[in-house]
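I opened the model to look up a few loop residues and one helix pair, and I kept my notes in the order in which I worked.

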Amino acid sequence: MSQSHIPLCHSHLDSLCSTQPDGSLRLSWAPLLPQEMADQLLHKMAAQGTLNDRTVGIFRSCEQLRLRRACVRSSPLSAEAFRLALCPHRLQELDASGVPGGLTGAHILSGLASNPECRASLQRLTLSRLQLGWTSLEVKEEQVGFSSLQGLRTLNLANTDLTDPFLEDICTLPQLEVLDISSTPVTELSALLGCRLTLRSLTAHGLRQLDMSPARVISILSQLHALRHLDLSDDRFVSGDEAVRLLLEGGSGILPALVSLDVSGRKKVTEGAVTAFVEGRRGLLFLGLLATGAGSCDVLSGKNNLKVTGEANEKQICESLRRYRERECFTREALVHLYQLTNDMYNQTRPDILKLVLGGMQNYSESLHVQLVASACVFNLTNQDMAVGMPHPLLSAVVHQVLEAMRSFPSHQQLQKNCLLVLCSDTILQDVPFDRFEAAKLVMNWLSGHVDRTLQRMAVAVISILVAKLSTEQTTQLGADIFIMKQLLGIVQQKAMAGVVDSTLKFALSALWNLTDETPTASRHFIQCQGLELYEEVLKTYSSESSIQQKVLGLLNNIAEVEELQADMMQEDLLEHVVTLLQGPQVEVGISYFAGGILAHLTSRQDAWTLDQGLRQTILEQLHAAILTWALPEREMVSYRSFRPFFSLLQTSQPAGVQLWAVWAMHLVCTQNGVQYCQMLQVEGAVELLKTLSSDLDTHSNVRGMAESILGMVERHQTTSNPLRTQTEKGHHGRS
């Protein structure tokens, strides 16, 4: 059974458990689960970050949840919780790498050794990145060391405080086959001779405190007769290269059975030495040469079965990313070379490589160096049309990681720039699922501290598209931050003062338009930030720019929908200017339409009208006359989240001009996108309002005709979407 089918999900634990006096959970009742399922449950809880002193308590029920392969990687556990929950089990494997919370290697060893069954059954133990706490392991009357776990075959102590005496203790294990002592303070390797007949794999990466002559190191290693896999790599490119040279040039007499050797990071490795080593070992399956400069040896090109990490070609770089997932420096080194490679990958869709880059970003989310070069690689791999063929789940995961990087390193300009470049993709912004609300906030925060014109244009473009994709609730929440309104209005003012017409201005106007759509809070902030005065100036400054005017009027239309803000728009100069945009040979229908919307909303409430009543009557007459001259535009001009702002305009008590604008607007969008808007009319109850308007004897004939036309479209939409239901209804009506 896969992990996704495990029935004991963390969210259900409380209902299945009781709380013990120490605060831990205890299963009230559970069936006897297969052992593999218990292992999977523990692993899943650790991976999800839900494993802790409280929740690990359920594994004290050894009868129901029997563990064999336990993983508590990076889970905050105390020594007492570990002892009570895990040590009673007959474990075969334990991964406790990187566990915070005070749990040391000493605690783990003493706990495991307290169970006689574990002493014999445990075969694989991983304690990497853990403080071992040797003071607790000192030899007393009863020694508690690694040698007490006589069944151990695999032991990983990478990045721990392992010392020489305890390496000697480890090497007395009778069945030890795999040992990792990377990046430990070990100074002597002579103890390895204690397991020379059993040790098959030795990982000794980055042993920087080793105090042995190169010849002595090779002498010790050459006596490990069972050794098949050897890792002597170093990611700081320092000492120890001479021992590697002696090994490579020593001929097939040294470790003749090796099938895997890693010397990545060793700068003194020569192509000649590599050639000699490879030719002397026909069974070689892997060779690590990253950051050695020796990956381009001719001898490697003819070995199809030999996997190589290096930077000589794409195959070596990708192998490096796969193999060095837990070595940050090597991951970064491989990504640097991958970036150079992807600079030339024009119009190649490579999800396989993007997946490797994503893995590096996820493994080292807190590393600025990795995030910086990885985000540059992501941009190269998703730029222009390259994102089109990528699987959307992969792109979704990549965007999530990009947003994490933006959040983690808000002040690093180049990283923010890389992430912004990734987001500025039509495929990603339009088609890929991700947290657009969070993305909009992050980009807005970035925009506040940067004035680079190219990046400003991209940032505003991204915000404009993101805001258009948000739900009304999310837009409301985003619009509640007056800082965002100030930022966007500042860009508009900056451009308007210079009289510039560019994409940055247009994107900023579009973003403001979408931000105020059915969001009274954002509309209120617009007024508070003197947006109305600025937009009046923009209307006059850009009187010949229809695209600018349409966006300005669209936002003013949103403001006019908010009853409490209508008083702010009761300015005679403003309204008279808007009236001039209702019709005329030079005025596009898009401009006339939004001008009409502003006037329709402001004149719809006679009791709130504060200007001359004669002006209101004149506006209503001109509005009605202008609408009758409008022709339906060929391309989509406007979209609506809801028809609710129209409801007050459709009341039978409204003037004909107000009603006519509302039904013309509905007719427009239903004509251009009947599937979406005819359904919206039904769901929101607008159909009933239209029927009432159509049947009222006082309704103007122009309004009635358009209302009936809309109702006809709705009926045809019903017929198309559910033909069986409609035929049945028609048959029923016929019989009656």
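**Loop residues and a helix pair**

I looked up Ser183 first and found it in the loop between strand 7 (178–180) and strand 8 (201–203), where strands (E, at least two residues) and helices (H or I, at least four) are DSSP runs numbered from the N terminus. Before going on I noted that this is a predicted model, in which local features need pLDDT of at least 70 and side-chain atom pairs count only at pLDDT 80 or more, while totals for chains, interfaces and linings use all residues. I also noted that residues are numbered from 1 along each chain as its sequence is written, and that side-chain values use heavy atoms, with hydrogens and water left out.

Ser183 has a positive phi near 50° although it is a residue other than glycine. With a relative accessible area of 23%, Ser183 is partly exposed (buried means under 20%, exposed over 50%, partly exposed in between, with a 1.4 Å probe and protein chains only).

I then turned to Asn159, which is not a glycine either and has a positive phi of about 60°. Asn159 sits in the loop between strand 6 (154–156) and helix 6 (164–170), and its relative accessible area of 44% makes it partly exposed.

Is Ser97 buried or exposed? I read a relative accessible area of 0%, so Ser97 is buried; it belongs to the loop between strand 4 (93–95) and helix 4 (105–113). Its side chain makes a polar contact with the side chain of Arg73 at 3.5 Å (a pair of N or O atoms within 3.5 Å; within protein, one must be able to donate a hydrogen and the other to accept it, and residues adjacent in sequence count only if both atoms are side-chain atoms).

Last, I examined helix 27 (residues 589–603) and helix 29 (residues 656–672), which pack at an angle of about 135° with their axes 9 Å apart; the axes are lines fitted to C-alpha atoms over the stretch in contact, and angles run from 0 to 180 degrees between N-to-C directions. Helix 27 and helix 29 are therefore oblique to each other, given that angles under 35 degrees count as roughly parallel, over 145 as roughly antiparallel, 65 to 115 as roughly perpendicular and the rest as oblique. On the helix 27 side, the contact (heavy atoms within 4.5 Å) includes Tyr593, Gly596 and Gly597, and on the helix 29 side it includes Trp661 and Trp664.
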